[in-house]
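Colleague: I am new to reading protein models, and I would love a close look at a single part of this one. Could you pick one helix and walk me through what surrounds it?

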Amino acid sequence: MTVAGSNAASAYRSYGAKRLAEYLRAERERIGSDLYVNGDRLADELGHPPAEIERHLRELSGSAPGLEISLDSGSPRALWRVSQR
């Protein structure tokens, strides 16, 4: 394992957060622009409880390698913006 790979692996607090980051990275690359998501939609797509998804999004905010995940303050609901770092 490379040093970069080791650093990337340590950026995740849990396996669930890592899997979510991988999913978000793939979706962002697939559409080719910023991705806007909410916990309920992701929970439906991934088969996990919304509270778990929201917890992982908060964990990943500011710490996911290659991704910028931030809460969109202009939205009345919890809407997350996922962009490339």
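**Helix α2 and its surroundings**

Modeller: Happy to! Let's take α2, which lies across β1, β2 and β3 and runs at about 130° to β1. Please keep in mind that this is a predicted model.

Let's set the scene before we zoom in. The chain has four helices and three strands, and from the N terminus on these elements run α-α-β-α-α-β-β. Of its 85 residues, 29% count as buried. Among contacts with a separation of 6 or more, 46% are between residues 24 or more positions apart.

Now look at the strands that α2 lies across. They form an open sheet of three strands in the order β1-β3-β2, with antiparallel pairing. β1 and β2 are the edge strands, each pairing on one side only. Ignoring direction, neighbouring strands of the sheet are turned by 20° against each other on average. You can follow each pairing by eye. β1 and β3 are joined in the antiparallel sense over three bridges, and tyrosine 36 stands opposite arginine 81 of β3. β2 and β3 are also antiparallel, here over five bridges. Leucine 71 has tryptophan 80 in β3 as its bridge partner.

Next, turn to the helices that pack against α2. With α3, the packing angle is about 100° and the axes are 13 Å apart. That angle makes α2 roughly perpendicular to α3. On the α2 side the contact is made by Leu20, Tyr23 and Leu24, and on the α3 side by Leu42, Glu45 and Leu46. Sorted by class, this contact of α2 with α3 has five nonpolar residues, no polar ones and one charged.

α4 is the other helix to look at. The axes of α2 and α4 come within 9 Å and cross at roughly 80°, so these two helices are roughly perpendicular to each other. Here α2 contributes Gly16, Ala17, Leu20, Ala21 and Leu24, while α4 contributes Ile53, His56, Leu57, Glu59 and Leu60. The residues of this contact of α2 with α4 divide into seven nonpolar, two polar and one charged.

Glu59 deserves a moment of your time. Glutamate 59 sits in helix α4, and it counts as buried because its relative accessible area is 16%, under the 20% cut-off for buried. Leaving out residues up to four places away in sequence, glutamate 59 touches Arg13, Ser14 and Ala17.

For a contrast, find arginine 85 in the segment after β3. With a relative accessibility of 52%, arginine 85 counts as exposed. Its neighbours are still easy to list: apart from those within four places in sequence, arginine 85 is in contact with Gly62, Ser63, Ala64, Gly66, Leu67 and Glu68. Arginine 85 and proline 65 are 20 residues apart in sequence, and their C-alpha atoms are 7.8 Å apart in space.

Finally, let's bring helices and strands together in the core. In soluble globular proteins, nonpolar side chains tend to be buried together. The largest nonpolar core of this model has 17 residues, and those with the most contacts inside it are Leu24, Leu57, Leu60 and Ile69. Two or more residues come from each of α2 (15-31), β1 (35-37), α3 (39-46), α4 (50-60), β2 (67-71) and β3 (80-84). The helix you have been following, α2, gives the most to this core, with four residues.

Ile69 is a good place to see how these pieces meet. Not counting residues up to four places away in sequence, isoleucine 69 touches Leu24, Leu57, Leu60, Ser61, Gly62, Ala64, Trp80, Arg81 and Val82. You have already met Leu24 in the contacts of α2 with α3 and with α4. Leu57 and Leu60 belong to the α4 side of that second contact. So as you turn the model, try starting from Leu24 of α2 and stepping across to isoleucine 69, which Leu24 touches.

Definitions and conventions
Residues numbered from 1 in each chain as written. Predicted model: local features only at pLDDT ≥ 70, side-chain atom pairs only at ≥ 80, totals over all residues. Heavy atoms only, no water. Core = buried A, V, L, I, M, F, W, Y, C linked by side-chain atoms within 4.5 Å. Buried < 20%, exposed > 50% of the residue type's maximum accessible area, 1.4 Å probe, protein only. Contact = heavy atoms within 4.5 Å. Axes fitted to C-alpha atoms, helices over the stretch in contact; angles between N-to-C directions. Parallel < 35°, antiparallel > 145°, perpendicular 65-115°, else oblique. Nonpolar A, V, L, I, M, F, W, Y, C, P; charged D, E, K, R; others polar. Pairing = 2+ DSSP bridges.
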